[in-house]
Amino acid sequence: MEIKKNPKQQLENYSKIFMQIGLVLTLFITYICMEYKTYEIDNTSNLGVVSMVADMKEDIPIVEIQKVEPPKQNDPPPTIEKIKVVEDDLKIEEAVIKSTETDEGQAVIVKTRDIVEVREVEEFVEDIPFVLIEDVPVYPGCKGNNKELKDCFTQKVTEFFGRKFDVNLATELGLAPGKKKLFVVFTINKSGKIVNVKSRGPHPVLEREVGEIIGSLPDMKPGKQRGMPVGVSYSIPITFEVR
């Protein structure tokens, strides 16, 4: 015999209602927890009253007033020295001070032989480049104006170096074939001598050789700036070919 269930008494039909009731209760409890507040207990009513008023008493010292006695008048009063009047018979000569100012209409004559002219000498400490010097150094045998002297100087230095330099030295040092460059910088000092020779090249032996050749240049007439002998710096690039 089968047992038939009453459709009205099945709890599955009320599952949605139970879920809604549970959701409402959960929200209500959460709201109560969020709104719940606690307060500190006020115990100020049990505190006593403190009196901050203190008796302030200051002891005033007693000052005794002493009686001041006047000084005794036993000492005699000081004597007054008599003033003797002397007649003024001495005559004083007054000094006359003459004015040193001159009148505008009075001419002042100054002798020219009393005036000594002092010429200020300007001293140049640093060397002046060859392209900026007013009077270029003169290589022996060069003549002409300033431009002609510059061109002659460069030509003579190049020819001198070409005669002295041994091109085979570069081949002996094992340098690769091709064009090589040497850079030389030197100074013609105030006496016309070659100093401060510096060279840079592809090999130290070549640099030393170039320095010795440039150092053997002949003495020259020194360059001048504003009429004064000065040191003049000169640089020259040298190109040669190794075969």
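Let's start with isoleucine 21. Its relative accessibility is 46%, so it counts as partly exposed. Keep in mind that this is a predicted model. Isoleucine 21 sits in helix H1, which covers residues 15-35. It also belongs to a nonpolar patch on the surface. The other members are Tyr14, Ile17, Phe18 and Leu25. Together the five have about 490 Å² of accessible area.

Now, salt bridges. How many does a search of the whole structure find? It finds 2.

Take the pair in helix H2. Aspartate 151 and lysine 147 meet through their side chains, at 3.3 Å from N to O. Both residues lie in H2, residues 146-164. They are 4 residues apart, about one turn of the helix. Lysine 147 is exposed, at 59% relative accessibility. Aspartate 151 is partly exposed, at 45%.

Next, aspartate 219 and lysine 193. Their closest N and O atoms are 3.1 Å apart, in a salt bridge. Where do these two residues lie? Aspartate 219 is in the loop between helix H4 (204-215) and E4. Lysine 193 is in the loop between strand E2 (178-188) and strand E3 (194-200). So the pair ties together parts that are 26 residues apart in sequence. Aspartate 219 is partly exposed, with a relative accessible area of 45%. Lysine 193 is partly exposed too, at 41%.

On to strand E4 itself. This strand spans residues 224-225, and glutamine 225 is in it. Is glutamine 225 buried or exposed? The cut-off for buried is under 20% relative accessible area. Glutamine 225 has 12%, so it is buried. Its side chain has a partner: it reaches the backbone nitrogen of glutamate 134, at 3.1 Å.

Last, the inside. The largest nonpolar core has 35 residues. Which of them touch the most other members? They are Tyr139, Phe153, Phe165, Phe186, Leu206, Ile214 and Leu217. Several elements give two or more residues to this core: H2, helix H3 (168-172), E2, H4 and strand E6 (232-242). We met H2 already, as the helix that holds aspartate 151 and lysine 147.

Let's look at leucine 217 in that core. Leave aside its neighbours within four places in sequence. Leucine 217 is then in contact with Tyr139, Val157, Phe160, Phe186 and Ile194. Two of these names, Tyr139 and Phe186, were also in the list of residues that touch the most other core members.

Notes: Residues numbered from 1 in each chain as written. Predicted model: local features only at pLDDT ≥ 70, side-chain atom pairs only at ≥ 80, totals over all residues. Heavy atoms only, no water. Patch = residues over 30% accessible without salt bridge, like charges linked within 9 Å, V, L, I, M, F, W, Y side chains within 5 Å. Areas by Shrake-Rupley, 256 points an atom, 1.4 Å probe, with all protein chains shown as cover. Salt bridge = Lys/Arg side-chain N within 4 Å of Asp/Glu carboxyl O. Buried < 20%, exposed > 50% of the residue type's maximum accessible area, 1.4 Å probe, protein only. Polar contact = N/O pair within 3.5 Å; in protein donor to acceptor, adjacent residues only side chain to side chain. Core = buried A, V, L, I, M, F, W, Y, C linked by side-chain atoms within 4.5 Å. Contact = heavy atoms within 4.5 Å.
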